[in-house]
Amino acid sequence: VGVLVFLVAEGMLFGGFVAAFLVFRLGSPAWPPPGEPRLPVGLTALNTAVLLLSGLAARWAIAAHERGDRAGLRRWLGRAVLGGATFLGIQGFEWARLVRFGVTASSSVYGASFYALIGAHAAHVAAALVWLAVLLGQVRLGRTDRPGAGALGAAALYWGFVVLLWPLLWGLVYLW
Amino acid sequence: MGTRPGARFAVYEAGRGGLAAGLALLPAAADACAVCVEWGREWQGLNPGFYWSAVLLTVLPFVLVAAAGVWLHRLVSMADQPSASTRPPRADSRGLTGPAPDRPPGPTAVTDARRKSR
């Protein structure tokens, strides 16, 4: 329940970012503003698929945990972490390209709204990834007989929130 | 010369009510935007932007709390359902809980046999 309350608060945080983005997006006659580059759709579509598959892997890890299948839990949790790390890697590559184009958080409203919204999401992915990696380490090292059902369930719930939020942000920022 | 505090409060309340009614009747005054400072002609779409963001932020808390409620309800109803291992065996149409032909003669079967012999 604690994680659920936290996620509701997180939802409001992202709601605030999206509201600010809407003000700038609808207020501007052209988007992206003249002189600003278009955001890459193809690469980020692939990245979206990677993140969704990673969310699915986390779901299957939970299913394996419920069956008492420790090898399955280890395998699927590992794939979820790998998917999340790949997503962050591709994001980092894309951001480096944008910075080379001159789009930074302080360069324009376009850059500021992009980095605030997508950056906040990336920070959440990174935090969730650390959480999942710690759980994976516990399972692999066998320090605990099995991670507490609450800890694993909470991590999976948080990861599910981060994963399901991304297609909305992607559609809003990259496709619209 | 002093006025009673109750009367002063009533005048204050009436003034506030009048001001609210006046603002409601003058939409141009009510539409005043605290952050719309010299946006220039290129920011003409700002009003729809503020409108949709206000709608989003008004609706979002209800959506989030409802989603959390549905999630919790689902968890509770799943926890209430007994699992396959703990569920008692289902009774058939005759009210028997096991396969009748294979059932070994238990105490009930012995009593039935005694009844028949009488």
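Between chain A and chain B of this predicted model, the count of residue pairs in polar contact, both at pLDDT 80 or more, is zero. A polar contact here is a pair of N or O atoms within 3.5 Å; within protein, one must be able to donate a hydrogen and the other to accept it, and residues adjacent in sequence count only if both atoms are side-chain atoms. The count of salt bridges between the two chains is zero as well, a salt bridge being a side-chain nitrogen of Lys or Arg within 4 Å of a carboxyl oxygen of Asp or Glu.

So what does chain A bring to chain B? By class, its side has 12 nonpolar, five polar and no charged residues. Ala, Val, Leu, Ile, Met, Phe, Trp, Tyr, Cys and Pro count as nonpolar, Asp, Glu, Lys and Arg as charged, and the others, Gly among them, as polar. Together the chains bury about 1,400 Å², 87% of it on carbon and sulfur atoms; this is the accessible area (1.4 Å probe) that two parts lose on being put together, summed over both. In chain A, Leu4(A), Met12(A) and Val23(A) lose the most area to chain B.

Now turn to His124(A), which sits in helix 4 (residues 109-141) of chain A; helices are DSSP runs (H or I, at least four residues), numbered from the N terminus. His124(A) counts as buried because its relative accessibility is 11%, under the 20% limit (1.4 Å probe, protein chains only).

Residues are numbered from 1 along each chain as its sequence is written, and chains are lettered from A in the order in which they are written. Side-chain values use heavy atoms, leaving out hydrogens and water, and local features need pLDDT of at least 70.

Notes:
Helix = DSSP H or I, 4+ residues; strand = E, 2+ residues; numbered from the N terminus. Buried < 20%, exposed > 50% of the residue type's maximum accessible area, 1.4 Å probe, protein only.
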